[in-house]
Amino acid sequence: MSESLIQSSQAGAVRTLTLARSQALNSFTSGMLEELLGALGRIAEDRGVRCVVLTGAGRAFCAGQDLADPLVAPDPAPGAPAKDLGVMIERFYTPLVRRLRSMPIPVVAAVNGVAAGAGANLALNCDFVVAARGASFIQAFAKIGLAPDTGGTWLLPRLVGRAQALGLALLGDKLGAEQAERIGLIWKCVDDAELQEQALALAQRLAAMPSKALAATRQAIDAAPAMTMDEALEREMALQRELGYAHDYGEGVAAFAAKRAPAFSDR
Ligand code: T3D
C-alpha cells in the first residue's frame with residue numbers, strides 16, 4: 001500500500017493535516033491533491049472536528065504543482081502535443097479552493113517554510129495564515145510562463161491592494177514572512193520554534209467558538225466586495241436572522257448572563 005501524502009492527527013477538536021512529500025518540498029501530485037480534497041471533505045462532515053490546521057512536513061510548506069508530474073510536464077520531444085493545464089485546475093485546484101472557502105469550520109495555515117505557486121495560494125485561502133519567521137511566499141507562476149491560479153488573482157488584490165498584488169505576481173520574488181505580515185498578506189509571523197504551538201493555540205481558540213457564526217462571517221466578508229452597501233445590509237439581516245434561530249446564540253447569551261464560558265456546539 002502506498003504511503004499517505006496527507007498525514008492527519010487530532011488534538012481535542014482540532015485536526016491537523018500535514019502535506020507529506022518533503023523530498024519534493026511537498027509539491028502537489030494529482031494523487032496528493034485527491035487525498036487532500038478527500039480529507040477536507042470528510043472533516044466537513046465530522047462534527048468532532050471544529051478547526052483544521054494545514055501545515056507541511058520538512059523544510060517547506062508546499063512548492064505548488066509538482067512540475068515533474070506527467071499530467072503537466074511539457075514533453076520535450078519535437079512535435080509532442082502540449083499539455084492541457086486546465087485539466088489539473090478543473091479537477092483539483094478549483095475544487096480545493098471551493099472546498100476550503102466553504103468549510104463549516106475555520107482553517108488555519110501554519111506555514112513552516114517556503115510556500116510557492118499553488119502552495120502559496122493554498123495558504124492564502126485559509127482563514128488565518130500563521131507563518132514561521134523563516135517561511136516565505138512566492139507567486140512563482142510568471143517564472144515558468146504561467147499566471148496565478150488557485151484563487152491568486154482574486155485573493156492578492158483583496159489582501160494587499162493592486163500595486164502590491166501586481167508586484168508579487170509579475171515579479172515572482174520571494175517575500176519573507178515578516179514582510180508578508182507587514183503588508184497584510186498574512187495574519188501573523190511568529191518565531192520558527194513557536195509556529196506549531198501558536199497555530200494550535202489559535203486553532204483551539206477557534207474550535208471553542210460558534211462555528212456557524214464564524215462560517216457565516218467568512219461568507220459575508222468574501223461576498224461583500226461584489227455588493228452594494230444596501231445588498232450587504234440585506235445579507236447581514238438574513239444571516240443574523242438565521243444565526244438567531246441557532247442553538248449557539250441562546251448558549252452565548254445564557255453564558256454571558258451566567259458569567260460562565262459558553263459551550264458552543266452548532267456546526
Ligand atoms: O501546471 C499546472 O498544472 C498548472 C498549475 C500550476 C500551479 C503551480 O503551483 S505553478 C508553480 C509551480 N511551482 C514552482 O514553480 C516552484 C518551483 N520551485 C522553486 O522555485 C524552488 O524549489 C523553491 C523556491 C520552492 C525552493 O527553492 P530551494 O532552493 O529551497 O529548493 P530546491 O533545491 O529548488 O528544491 C528542492 C527539491 O525539491 C529539488 O529536488 P532535487 O533536486 O533535490 O531532487 C526540486 O527539484 C524539488 N522541487 C521543488 N519544487 C518543486 C520540486 N519538484 C517538483 N515540483 C516542484 N514544484
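**Figure 1. Helix α7 and its buried residues.** In this predicted model, S211, A215, A216, R218 and A220 of α7 are buried. Helix α7 covers residues 211–223, which makes 13 residues. At 1.5 Å a residue these should span 18 Å, and the end C-alpha atoms are indeed 18 Å apart. The cover over the buried residues of α7 includes α2, α8 (229–245) and α9 (247–257).

**Figure 2. A salt bridge between helices α7 and α2.** D222 and R101 join their side chains in a salt bridge, at 2.9 Å from N to O. D222 belongs to helix α7 and R101 to helix α2, so the pair links distant parts of the chain, 121 residues apart. D222 is partly exposed, with a relative accessible area of 22%. R101 also counts as partly exposed, at 23% relative accessibility.

**Figure 3. Helix α1 and the elements around it.** Helix α1 has 16 residues. From its first C-alpha to its last it reaches 23 Å, close to the 22 Å expected at 1.5 Å a residue. Its buried residues are S30, M32, L33, L36, L37, A39, L40, I43 and A44. They pack against three strands, β1 (6–11), β2 and β3 (51–56), and against helices α2 and α3 (118–124).

**Figure 4. The largest nonpolar core.** This core has 66 residues. L36, V108, V111 and L185 have the most contacts inside it. Which element gives the most to this core? Helix α1 does, with eight residues. V108 touches C51, V52, V53, L54, C126, F128, V130, A199, L202, A203 and L206, leaving aside residues up to four places away in sequence.

**Figure 5. Two positive phi angles in the loop between β2 and α1.** Most residues other than glycine have a negative phi. L25 has a phi near 50°, a positive value in a residue other than glycine. N26 is not a glycine either, yet its phi is positive at about 55°. L25 lies in the loop between β2 and α1, and N26 has its place there too. Is each residue buried or exposed? L25 is partly exposed, with a relative accessible area of 23%. N26 counts as buried, at 0% relative accessibility.

**Figure 6. An aromatic pair, F28 and Y93.** The whole structure holds two aromatic pairs. In this one, the ring centres of F28 and Y93 are 6.1 Å apart. The ring planes stand at 70°, so the pair is edge-to-face. F28 sits in the loop between β2 (14–19) and α1 (30–45), while Y93 is in helix α2 (residues 86–101). The pair therefore links distant parts of the chain, 65 residues apart. F28 counts as buried at 0% relative accessibility, and Y93 counts as buried at 2%.

**Figure 7. A second aromatic pair, F128 and W187.** F128 and W187 pair edge-to-face, with 5.2 Å from centre to centre and 85° between the planes. F128 is in strand β7 (residues 128–132). W187 is in the loop between α5 (177–182) and β10 (188–190), 59 residues apart from F128. F128 counts as buried, at 18% relative accessibility. W187 counts as exposed, at 52%.

**Figure 8. A salt bridge between D46 and R15.** The salt bridges come to seven in total. In one of them, D46 pairs with R15, with the closest N and O atoms 3.3 Å apart. D46 lies in the loop between α1 and β3 and R15 in strand β2, so the pair ties together parts that are 31 residues apart in sequence. D46 counts as partly exposed at 26% relative accessibility. R15 counts as buried at 17%.

**Figure 9. A salt-bridge network around R133.** D191 forms a salt bridge with R133, the closest N and O atoms being 2.9 Å apart. D191 lies in the loop between β10 and α6 (195–207), and R133 in the loop between β7 and β8, so the pair ties together parts that are 58 residues apart in sequence. D191 counts as partly exposed, at 39% relative accessibility. R133 is partly exposed, with a relative accessible area of 37%. Shared partners join R133, E178 and D191 into one network of salt bridges.

**Figure 10. D149, buried without a salt bridge.** D149 lies in the loop between β8 (136–138) and α4 (152–171). D149 is buried yet has no salt bridge. How far away is the nearest side chain of opposite charge? It is R101, 13 Å away. D149 touches I89, A118, N121 and F141, not counting residues up to four places away in sequence.

Conventions: Residues are numbered from 1 along each chain as its sequence is written. This is a predicted model: local features need pLDDT of at least 70, side-chain atom pairs count only at pLDDT 80 or more; totals for chains, interfaces and linings use all residues. Side-chain values use heavy atoms; hydrogens and water are left out. Rings of Phe, Tyr and Trp (its six-membered ring) pair if their centres lie within 6.5 Å; planes under 30 degrees apart count as stacked, over 60 as edge-to-face and the rest as tilted. Helices (H or I, at least four residues) and strands (E, at least two) are DSSP runs, numbered from the N terminus. Buried means under 20% relative accessible area, exposed over 50%, partly exposed in between (1.4 Å probe, protein chains only). The expected span of a helix is 1.5 Å times one less than its number of residues. Contact means heavy atoms within 4.5 Å. Lys and Arg count as positive and Asp and Glu as negative; His and the chain ends are not counted. A salt bridge is a side-chain nitrogen of Lys or Arg within 4 Å of a carboxyl oxygen of Asp or Glu. A nonpolar core is a set of buried Ala, Val, Leu, Ile, Met, Phe, Trp, Tyr and Cys residues joined through side-chain atoms within 4.5 Å.
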